[in-house]
Structures are given as structure tokens and as C-alpha cells.
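Student: I'd like to take a close look at one spot in this protein and then see how the rest fits around it. Could you pick a place to start and walk me through what is there?

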Amino acid sequence: MGSKHMCKVKGLCIVRESVKLAPEIYSMWLEAPGIVEHAVPGQFVSLYCSDRDHLLPRPISICELDYERGLLRLVYRVVGEGTRQFSRLSAGDALEVMGPLGNGFIECQSRYSAQSRCLLIGGGIGIPPMLELAKQLHGDVTAVLGYRDSNLFLKDEFEKYGTVVLATDDGSIGTKGTVIDAAAKHYKNTVPGQPFADVICACGPVPMLRGVKAFGAERGIPAYISMEERMACGVGACLGCVCQSVEKDSHSKVNNKRVCKDGPVFLSTHIEL
């Protein structure tokens, strides 16, 4: 597994299935054996639009991997014309894809065994990237998932691999509030000073990740966070998706990290949020 994330390919992939899961949320399975062979949880792919009016690729995190059949699943939100084009695709359509990109959760997976207690936290469209990680960790998995409302896309899939704790912005289901509110409530009866998990893995918007970093630090639990940033090239050349790092980057010689190349997954103590 250690060398998988060093490879990437670009080519046409065939859509196997495309369905709507919730308002503006779509799921797509792609035949992509060359990508799947090298992919790990937490990585992403770049999808190219079919028209020349949209030249830059759209980065979308990998939701699931089927290594035996060479299939990958993407679950994404329609936020512009590019993703709207993808939502109109049907089985049999071809799509240009490059990947796998980024580093994924491979360091986390190599450090924690199947006996580890793993807390996964996903907010909004940061939920899908956590599903394949939940499948592969094989430990004691608790997934805290944050939604806007009662459209709980992927909830049933997560329940196959561990305990699911819910938070909703409108309070319709689970804890009303943030994923941090839900996690604190879920673990309220744990012994103070004794970490209730061996590791935290999270993906979501920056305010959520800032809360995850503080939540882990207060409880002495290391946290790996997957950053969500706008990207242009997706391969580390344009420096359009940098975040502030604690140490100087070997590429730019300043306190920056390229989310697409050095990330998107970072140990939280390595990044300023």
C-alpha cells in the first residue's frame, strides 16, 4: 500500500451509474481500473468537462473503491456548471479523469492497527471521503456526520462499518448544531484525562476542521484533517490552493503547503487554521 499514492493516470472512464441522492447531491460510479489500482482513502480525482468553455478540471474526492472490479465512486454536490454537467451523465457515457491525486489517509492507516479506536468526522460534502476510510480501517469506528437537514445521504452505508452519530443544522435529526457538539455529547460520559479514541480523521469546511483540531488537542488525540480548497491544476504546479503550514514548504520555501500535492490530508498540528 505504501507506494500506491505515488502513481496517477489520465484517460477516459466510463460511467457505470449516476443517481441523485439528495437535493444537489449526486453519486457516480466510474470504470477506472488504472486509477483504482493505485488509490487509497482520502485521495481525489480531477474530472474534465466535455466543452472548451470549462478548461480547468473539477477536483472531487473519492468516496468508495472497488479494487476487484476497478470501480470508483464519487459523491459530490452540484455547485456550478461543471458539476451540473457531470450530474447529467448517464451509464455508458465517457468522462476524462486524472488520478488518483493527493496523499490520502495512508499515514494514518499505517500507524493505527485494526484494534484502534477511530473517530471519523465528516461535515456536508466532506462526508463522502470518509466512507472508504471507514471500510478500510477495520477497527472500532465511530462516524460523526454533520448535515444541513434530514437528507442523510450515505448514512446507511456508514452504519455497515461502525457507530454513526448525527448532527443537523436544523435539529431535525440527531444533535442540533455542529459535529463537535455531537461528538462532545456522544463522549460526555468518558473518563476525563483518558482519550476515548486513538485517532481522529476528518473532512469538511475550514471552520469545522478548526473545531476538530481544537477538539483533538484538548483531549490528547491526534487528528488527521482533509482540507477542502478550490484547485486549478490539481498537481501542485500553480500554487493556487496553498494553506498555511507550521514549517516551511520545501517547494516554495515559505510557510505554505499545497493542498492538492502535499495534502489534502495533513496532521492537524502541521497546519495553521
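Tutor: Happy to! Let's start at Cys201, which counts as buried because its relative accessibility is 0%. Please keep in mind that this is a predicted model. A cysteine invites a check for a partner, and the closest cysteine sulfur to that of Cys201 belongs to Cys108, 3.4 Å away. That pair does not count as a disulfide, because the two sulfur atoms would have to be within 2.5 Å. A disulfide is, after all, a covalent bond between two cysteine sulfurs. Cys201 is therefore in no disulfide, and the count for the whole structure is zero. Another cysteine, Cys13, is also buried, with a relative accessible area of 5%.

Let's use the idea of burial on two other residues. Met227 sits in the loop between strand 12 (223-226) and strand 13 (242-244). Although it is in a loop, Met227 is buried, because its relative accessible area is 5% and the limit for buried is under 20%. The C-alpha atoms of Met227 and Ala202 are 8.8 Å apart in space, while the two residues are 25 apart in sequence. For contrast, find Leu12, which belongs to strand 1. With a relative accessibility of 65%, Leu12 counts as exposed, since that label applies to values over 50%. Leu12 can be compared with Ala32: they are 20 residues apart in sequence, and 8.3 Å separates their C-alpha atoms.

Now for a strand that is hidden along its length. All five residues of strand 3 (residues 44-48) are buried, so the rest of the structure largely encloses this strand. In a regular strand, side chains alternate between the two faces of the sheet. You can follow this in strand 3: Phe44, Ser46 and Tyr48 point one way, while Val45 and Leu47 point the other way. What does strand 3 pair with? One partner is strand 4 (residues 58-66), joined in the antiparallel sense over four bridges. In that pairing, Ser46 stands opposite Pro59. Another partner is strand 6 (residues 94-101), again antiparallel and over four bridges. There, Leu47 stands opposite Val97.

Next come the charged side chains. The structure has 14 salt bridges, and a pair counts when a side-chain nitrogen of Lys or Arg lies within 4 Å of a carboxyl oxygen of Asp or Glu. Arg73 and Glu64 form one of them, with a nitrogen-to-oxygen distance of 2.7 Å. Both of these residues are buried. They also belong to a network of salt bridges that links Glu64, Arg73, Glu132, Lys135 and Glu157.

Two further salt bridges bring together residues that are far apart in sequence. Asp198 and Arg117 form a salt bridge, and their closest N and O atoms are 3.2 Å apart. Asp198 is in the loop between helix 6 (179-186) and strand 11 (199-203), and Arg117 is in strand 7 (residues 117-123), so this pair ties together parts that are 81 residues apart in sequence. Asp198 is partly exposed at 28% relative accessibility, and Arg117 is partly exposed at 31%.

The other pair is Glu24 with Arg84, where the closest N and O atoms are 3.6 Å apart. It links distant parts of the chain, 60 residues apart: Glu24 is in the loop between strand 1 (9-22) and strand 2 (25-31), and Arg84 is in helix 2 (residues 81-87). Here too both partners are partly exposed, Glu24 at 31% relative accessible area and Arg84 at 33%.

Finally, let's look at empty space. Rolling a probe the size of a water molecule over the atoms shows where such space is left. The second largest pocket has a volume of about 460 Å³. It is lined by 24 residues, and the ones closest to its centre are Arg77, Gly124, Gly146, Tyr147 and Arg148. Strand 8 (140-147) and helix 7 (206-219) each give at least two residues to the lining. What kinds of residue make up this lining? It has 11 nonpolar, seven polar and six charged residues.

Note on methods. Residues numbered from 1 in each chain as written. Predicted model: local features only at pLDDT ≥ 70, side-chain atom pairs only at ≥ 80, totals over all residues. Heavy atoms only, no water. Buried < 20%, exposed > 50% of the residue type's maximum accessible area, 1.4 Å probe, protein only. Pairing = 2+ DSSP bridges. 1 Å grid on protein atoms, 1.4 Å probe; cavity = no way out; pocket = protein on both sides within 12 Å on 5 of 7 lines; lining within 4 Å. Points joined across faces, edges and corners; volume = space filled by probe spheres on them. Nonpolar A, V, L, I, M, F, W, Y, C, P; charged D, E, K, R; others polar.
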